[in-house]
Amino acid sequence: MHEALERLNAQRLRSYNEDPGLLREHYGIEQTVLAGGYGYRQVLELVQNGADAVLEGEELGIESTADNRIHVLLRDQHLYVANTGAPFSEQGLDSLLRSHASTKRGNQIGRFGLGFKSLLKLDGRIDVFTRASGAICFDPERCREELSQRYKVTEVPGLRLAWVLQADERVADPVCVELRWAETIVRVEVRSTSLMEHLREEIRSFPAEFLLFLPIATTLTLDDGEEEARHVRLGIEGAEHILHDGATVSRWRVATRGVRIQEEGAIADATHIHARVSEPVPVSWAVPIEGRREESGRFWAFFPTQSQSYLPGILNAPWKVNSDRNAIIGGEWNAALMFEAAQLIAETLPG
């Protein structure tokens, strides 16, 4: 991984040498990310990445000493998100140093390759510890300083270079030692008291129903550093998904199908960001059986939106959403997905 990191950094600098305009372009992309819906979704974006690693680990048959787990922890001006599952790869590193270049596929959640850039809002260093690949540091301040000095400009991006961390960094952090079971730990420095409060609220209000759309039993721990840690667990018994959120238990029926959108107009409307023509995309309908939750009757795009539906439950699919990522919008891609969702619902309803 260290050799790969050196190669990727060298490639990035060569691209800036050949086309200095890329500096302004990449700076603009980061500013757009922070101004839009990603700017206040750090916990959700990191949990999504953790869930994707868990799913990939299951697909690859990777054995772990721990059950499928994702752990969110806020301690001493740092946000930690740890997970089991597939190890961090060179391809994953390349995606984090880019944007609009996610390599995720199938039923994996992340789609845009932009969520990691939301961490710039926290204004601190980002460390990624992995068992298989060692430790890597993303330091926005250092990145901006090096690029500004090299190219004599002020508007430069902060997440386009990364550096190797010493191997003992992980064992020197008592929180990382506590999370020794994890395959990957992301540690983010938070430099603002107001942002700490935002993160605490995001942790406390995290929607338990997020786990419903994972096809395997998974535990999510949410610890804001002040209140008692919250444990959310998904169990699967036949056709039923049982969601444990602390002492609250709800039972859901979750129907999922992989669909291939073939209509040229829909694919053109989606662009490569949403459409994955080479493989199916998931459409799911989660209906509460017991312990009905107030989140029922909404559209989700792997995360809750504010768009309501007339159906009970949650209709989840890779919908196109507005720039704030809180409402689905019109267009041929969403119309095609809606048709597929209607087919799924018709097959699922009794009689």
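These legends walk you through several close-up views of a predicted model.

**View 1. Helices α1 and α5 pack against each other.** Welcome to the helical part of the tour. Two packed helices are described by the angle between their axes and the distance between the axes. Here, helix α1 (residues 2-18) meets helix α5 (residues 140-151) at an angle of about 35 degrees, and their axes lie 12 Å apart. The crossing of α1 past α5 is right-handed. To find the contact, look for Leu13, Tyr16 and Asn17 on the α1 side, and for Leu147, Arg150 and Tyr151 on the α5 side. The residues of this contact divide into four nonpolar, one polar and one charged.

**View 2. Glu45 in helix α3 and its surroundings.** Start by finding helix α3, which covers residues 42-60 and includes Glu45. Is Glu45 buried or exposed? Its relative accessibility is 7%, so Glu45 counts as buried, the cut-off for buried being under 20%. The side chain of Glu45 makes a polar contact of 2.9 Å with the side chain of Arg41. Beyond its neighbours within four places in sequence, Glu45 also contacts Tyr38, Gly115, Ser118 and Arg325.

**View 3. Strand β6 with its partners β2 and β3.** Strand β6 takes in residues 184-189, and five of these six residues are buried, so the strand is largely enclosed by the rest of the structure. Strand β2 (residues 78-83) pairs with β6 in the antiparallel sense over six bridges. A handy landmark in this pairing is Val81, which stands opposite Val186 in β6. Strand β3 (residues 126-130) also runs antiparallel to β6, and five bridges join the two. In that pairing, look for Phe129 of β3, whose bridge partner in β6 is Ile185.

**View 4. Strand β4 between β3 and β5 in the pairing pattern.** Strand β4 (residues 134-138) is mostly covered, with four of its five residues buried. Its pairing with β3 is antiparallel and has five bridges. You can follow the chain from one strand to the other here, as β3 and β4 form a hairpin with three residues between them. Phe129, already met in the pairing with β6, stands opposite Ala135 in β4. Two bridges join β4 to strand β5 (residues 163-164), again antiparallel. Within this pairing, Cys137 stands opposite Trp163 in β5.

**View 5. Two hairpins that share strand β9.** Follow the chain from strand β8 (residues 230-237) to strand β9 (residues 240-245), two antiparallel strands joined by six bridges. They form a hairpin with two residues between them, and Gly238 in the turn has a positive phi of about 65 degrees. Next comes strand β10 (residues 248-259), which runs antiparallel to β9 and is joined to it by six bridges. What separates β9 and β10 along the chain? Two residues lie between these strands of the hairpin, and Gly246 in the turn has a positive phi of about 65 degrees. Beside this turn, look for Asp245, which stands opposite Thr248 in β10.

**View 6. A closer look at His244 in strand β9.** Which residue of β8 and β9's pairing stands opposite His244? The residue is Arg233. Arg233 and His244 are eleven residues apart in sequence, while their C-alpha atoms are 5.0 Å apart in space. Not counting residues up to four places away in sequence, His244 touches His231, Val232, Arg233 and Val249.

How values were computed:
Residues numbered from 1 in each chain as written. Predicted model: local features only at pLDDT ≥ 70, side-chain atom pairs only at ≥ 80, totals over all residues. Heavy atoms only, no water. Axes fitted to C-alpha atoms, helices over the stretch in contact; angles between N-to-C directions. Left-handed = near helix turned anticlockwise from the far one by under 90°. Contact = heavy atoms within 4.5 Å. Nonpolar A, V, L, I, M, F, W, Y, C, P; charged D, E, K, R; others polar. Buried < 20%, exposed > 50% of the residue type's maximum accessible area, 1.4 Å probe, protein only. Polar contact = N/O pair within 3.5 Å; in protein donor to acceptor, adjacent residues only side chain to side chain. Pairing = 2+ DSSP bridges.
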